[in-house]
Amino acid sequence: MMKTIFAQKSLLEVNKRGTPEEDLWTCVLSKAAHDAIYCTDWRESRMAIAWFKAGRKDFRDVCEYAGRDPAYVHRVMELPIKIREKEMRNSD
């Protein structure tokens, strides 16, 4: 599922190779997504979930630096985050 977030590119980006900087920021975004959905440290997971849900400037900046549309990333992460939050509530 996480792969689809990072596969999305705008029409202008289809023929463009990622820069090393974009690759770095894609890794940052990927780590945050992993922490939100799969991290066994629930404190870290909750912090990552809050970061995605808030959609603040730092979230939008990381998405832009990674060459991704913040609205798209937010939309794709909504369902996995809801599922993860339910799983966390059921375990408390």
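The expected span of a helix is 1.5 Å times one less than its number of residues, a handy yardstick for the views of this predicted model.

**View 1. Helix α3 from end to end.** Helix α3 takes in residues 42–54, 13 residues in total. From its first C-alpha to its last it reaches 18 Å, close to the 18 Å expected at 1.5 Å a residue.

**View 2. The buried side of α3.** Look here for Ser45, Ala48, Ile49, Trp51 and Phe52, the buried residues of the helix. They cover an arc of only 160° around the axis, which puts them on the same side of α3. An α-helix has 3.6 residues a turn, so residues three or four places apart point the same way. The packing partners of the buried residues of α3 are α2 (20–38), α4 (57–65) and α5 (70–91).

**View 3. The two ends of α3.** At the start of the helix, aspartate 41 extends a side-chain oxygen to within 3.1 Å of the backbone nitrogen of arginine 43. Just after the helix comes glycine 55, with a positive phi of about 60°.

**View 4. A close look at lysine 53.** Lysine 53 sits in helix α3. This residue counts as partly exposed because its relative accessibility is 48%, and the partly exposed class lies between 20% and 50%. Leaving aside neighbours within four places in sequence, lysine 53 is in contact with His74, Ile81 and Glu85. One of these partners, isoleucine 81, is 28 residues away from lysine 53 along the chain, yet 8.7 Å separates their C-alpha atoms.

Key: Residues numbered from 1 in each chain as written. Predicted model: local features only at pLDDT ≥ 70, side-chain atom pairs only at ≥ 80, totals over all residues. Heavy atoms only, no water. Helix = DSSP H or I, 4+ residues; strand = E, 2+ residues; numbered from the N terminus. Buried < 20%, exposed > 50% of the residue type's maximum accessible area, 1.4 Å probe, protein only. Arc of directions from axis to C-beta. Contact = heavy atoms within 4.5 Å. Polar contact = N/O pair within 3.5 Å; in protein donor to acceptor, adjacent residues only side chain to side chain.
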